[in-house]
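Q: Could you walk me through this model, starting with the whole chain and then going into the details?

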Amino acid sequence: MRYDSDLLYRPPGEWKSYLLQCTIGCSNNQCTFCGMYKEKKFRIRPTQEILEDIDMALDYYGPGLERVFLMDGDAIIIPTDDLLRILEKLYRTFPKLQKVTLYAGPRSTLDKSSEELRTLHQAGLSRAYLGVESGSDAVLRFIHKGVDAQQMLLAGQRLVEAGIDLWVTVILGMTGADGEGGDWKEHILSTAALINQMKPRHLSAMTFAPAKGTPLGEEVLAGRFQVCSADHILEECRLLVEKLDVDPLHFTSNHASNYLPLKGGLPEDREKFLDLIDQALAGKIRLRKTLNRGI
């Protein structure tokens, strides 16, 4: 297998997947909080190279491979005909293959028609991970996401309507302790409202952790952006859990960035989650240490 660097990024749930590099970097790569692809110039790898890598994976893993994640960021941007060739080759090469997943950029998703997305799903595109981050236009502008909330909503809805299993991520603490990025309640309420309309099957709530070399990380170092306290993050998480009404929804807030790990289903685990958050706010549950949470 060939990779452009030793730094390989994938969603936590794809730790068992073969990582097939289809794009280099991220098509947006402007998000002020994200440092994953800042050193990369975005490009789509030639399809023939990708098909050759699949043959290399067969030699390395054998025919029993069950999961594949298409790297890097935003593999859905690949022209549909080329992506269909990649999917066909994967399922033909690995007869036990169960899932093919990828990161989906909102603008790239909107560039595909609903029919194209349905065709990709029928060809075996199982799941898409969409970094929503926030349902607030103010926050999306602040972090340079490249789309507004309505565009983000439409991108997610198209994926859901195509039958693709949608896993969304949002970020707590994105407005900062002093509201540099916007009003935190508006951030959370707008995010919950967007998720309720989008109706993903999975939602992960992460916590902002400043990364070195990113614009927002530099703002933190300069003292112009104040990271939210643990209690503030818990309050945001509590409000989010209260307002979500997607049923069913697989909900996680157990990323390494989170102070209080939560994992379960909504609405059935709502009261349990709220009770755990309240106990944490009351000091009855020890929170994760903040070491290595960021800069």
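A: What follows goes from the overall fold to one helix, then to salt bridges and to backbone geometry.

Q: Before that, what kind of model is this, and how is it numbered?

A: This is a predicted model, in which local features need pLDDT of at least 70 and side-chain atom pairs count only at pLDDT 80 or more, while totals for chains, interfaces and linings use all residues. Residues are numbered from 1 along each chain as its sequence is written, and side-chain values use heavy atoms, with hydrogens and water left out.

Q: How many helices and strands does the protein have?

A: The protein has ten helices and ten strands, where helices (H or I, at least four residues) and strands (E, at least two) are DSSP runs numbered from the N terminus.

Q: What is the radius of gyration, and what would a compact globule have?

A: The protein has a radius of gyration of 19 Å, which agrees with the value near 19 Å for a compact globule of 295 residues; the radius is taken over C-alpha atoms, and the globule rule is 2.2 Å times the number of residues to the power 0.38. Along its principal axes, the C-alpha trace spans about 55 × 40 × 35 Å.

Q: And how much of it is buried?

A: Buried residues make up 52% of the 295 residues, with buried meaning under 20% relative accessible area, exposed over 50%, and partly exposed in between (1.4 Å probe, protein chains only). Of the contacts (heavy atoms within 4.5 Å) with a separation of 6 or more, 77% are accounted for by residues 24 or more positions apart.

Q: Let's zoom in on α7. Why does its length look right for a helix?

A: Helix α7 covers residues 184-198, and at 1.5 Å a residue its 15 residues should span 21 Å, which agrees with the 21 Å between its end C-alpha atoms; the expected span is 1.5 Å times one less than the number of residues.

Q: Which residues of α7 are buried, and what covers them?

A: The buried residues of α7 include His-187, Ile-188, Thr-191, Leu-194, Ile-195 and Met-198. Their cover includes strands β6 (125-133), β7 (165-172) and β8 (202-207), as well as helices α5 (137-142), α6 (149-161) and α9 (230-243). As a general point, an α-helix has 3.6 residues a turn, so residues three or four places apart point the same way.

Q: What happens at the two ends of that helix?

A: At the N-terminal end of α7, Asp-183 acts as a cap, with a side-chain oxygen 3.2 Å from the backbone nitrogen of Lys-185. Just after α7, Lys-199 takes a positive phi of about 60°.

Q: Switching to charges, how many salt bridges are there?

A: The count comes to 17 salt bridges, each being a side-chain nitrogen of Lys or Arg within 4 Å of a carboxyl oxygen of Asp or Glu. In one of them, the side chains of Glu-52 and Arg-2 meet at 3.2 Å, N to O. Glu-52 lies in helix α1 (residues 47-61) and Arg-2 in the segment before β1 (18-21), so this pair ties together parts that are 50 residues apart in sequence. Arg-2 and Glu-52 are also linked with Arg-45, Glu-49 and Asp-53 in a network of salt bridges.

Q: How about Arg-127 and Glu-14, are they buried or exposed?

A: Arg-127 is buried, with a relative accessible area of 7%, and Glu-14 is buried at 0%. Arg-127 forms a salt bridge with Glu-14, the closest N and O atoms being 3.9 Å apart. That pair links distant parts of the chain, with Arg-127 in strand β6 and Glu-14 in the segment before β1, 113 residues apart.

Q: Last topic: where are the cis peptide bonds you would point out?

A: The peptide bond from Asp-247 to Pro-248 is cis, with omega near 5°, and Pro-248 is found in the loop between α9 and β9 (249-252). Another cis peptide bond joins Leu-266 and Pro-267, with omega about 10°, and Pro-267 lies in the loop between β10 (263-266) and α10 (270-281).

Q: And what is the phi of Asp-74?

A: Asp-74 has a positive phi of about 65° although it is not a glycine. Asp-74 is found in the loop between β4 (67-71) and α2, and it is buried, with a relative accessible area of 3%. In general, most residues other than glycine have a negative phi, and most peptide bonds are trans.

Methods. Polar contact = N/O pair within 3.5 Å; in protein donor to acceptor, adjacent residues only side chain to side chain.
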